[in-house]
Amino acid sequence: MLKSNTKEVKLHDMYRYGNSRKQDRIVPVLRLEGDWLEDLGFHAGEAVVITYSKDKLVIKPKLSRSEYKKAQKEWDNPNNYVRTARVAINRKGGQGGHH
């Protein structure tokens, strides 16, 4: 369980190459990791939406918790992968059943 609603992290830097040497520059990088993210409802592999304004970032899961659980059940169902593979084979002109 989370003890505080504040977390201190360090911004790192990364060298970004531009189209020319003059456009090369160093940009800030923010990396968030830890069990506390899952405690807040963020899960590995999940998309997030970042809303920003001067001096402020708000990060929210793209899916609600119930939408995420529903999608996760579909991802975990191996029948969905078989159906996807069959559709891909059929589109390429191969053999495969229809679902």
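In which loop is Asp55 found? In this predicted model, Asp55 sits in the loop between β3 and β4, and the residue is a useful place to begin, since its backbone has an unusual entry in the list of torsions. Although Asp55 is not a glycine, its phi is positive, at about 65°. Asp55 also counts as exposed, because its relative accessible area is 75% and the cut-off for that class is over 50%.

From this loop one can step back to the whole chain. The secondary structure of the protein comes to 3 helices and 4 strands, and, read from the N terminus on, these elements follow the order β-β-α-β-β-α-α. Of the 99 residues of the protein, 11% count as buried. The protein exposes about 9,400 Å², of which carbon and sulfur atoms supply 52%. As for the reach of its contacts along the sequence, if one takes those between residues at least 6 apart, 14% of them join residues at least 24 apart.

The strands on either side of the Asp55 loop reappear in a feature of the surface. A nonpolar patch is formed there by Val9, Leu11, Leu30, Leu32, Val48, Ile50, Tyr52, Leu57 and Ile59, which together have about 840 Å² of accessible area. The elements that give two or more residues to this nonpolar patch are β3 (48-53) and β4 (56-61), and the largest share, 3 residues, comes from β3. One of the patch members is Tyr52, whose place is in strand β3; Tyr52 is classed as exposed because its relative accessible area of 66% is over the 50% that the class requires.

A second loop, the one between β1 (12-16) and β2 (25-29), holds Asp24, and here the setting is a buried one. Which side chain of opposite charge is nearest to Asp24, and how far away is it? The nearest is that of Arg21, at 4.6 Å, and Asp24, though buried, has no salt bridge; the reason lies in the cut-off, because a salt bridge needs the side-chain nitrogen within 4 Å of the carboxyl oxygen. Asp24 does, however, have polar partners of other kinds. Its side chain makes a polar contact with the side chain of Tyr15 at 3.2 Å, and a polar atom of the Asp24 side chain lies 2.7 Å from the backbone nitrogen of Gly18. Leaving aside residues up to four places away in sequence, Asp24 touches Tyr15, Arg16, Tyr17 and Gly18.

Gln23 is found in the loop between β1 and β2 as well, and with residues up to four places away in sequence again left out, Gln23 touches Arg16 and Gly18. The side chain of Gln23 reaches the backbone nitrogen of Asn19 at 2.8 Å. Gln23 is described as partly exposed because its relative accessibility is 42%, a value that falls between the limits of 20% and 50%.

What remains is the pairing of opposite charges. By the rule applied here, the count comes to 1 salt bridge, in which the side chains of Glu33 and Arg31 meet at 2.9 Å, N to O. Glu33 is exposed, with a relative accessible area of 52%, and Arg31 likewise counts as exposed, at 58% relative accessibility. The salt bridge thus joins two exposed side chains, whereas Asp24 is buried and has none.

Terms used: Residues are numbered from 1 along each chain as its sequence is written. This is a predicted model: local features need pLDDT of at least 70, side-chain atom pairs count only at pLDDT 80 or more; totals for chains, interfaces and linings use all residues. Side-chain values use heavy atoms; hydrogens and water are left out. Buried means under 20% relative accessible area, exposed over 50%, partly exposed in between (1.4 Å probe, protein chains only). Lys and Arg count as positive and Asp and Glu as negative; His and the chain ends are not counted. A polar contact is a pair of N or O atoms within 3.5 Å; within protein, one must be able to donate a hydrogen and the other to accept it, and residues adjacent in sequence count only if both atoms are side-chain atoms. Contact means heavy atoms within 4.5 Å. Patches are made of residues with over 30% relative accessible area and no salt bridge: like charges are joined within 9 Å, nonpolar side chains (Val, Leu, Ile, Met, Phe, Trp, Tyr) within 5 Å. Accessible areas come from the Shrake-Rupley method with a 1.4 Å probe; for residues, only the protein chains shown count as cover.
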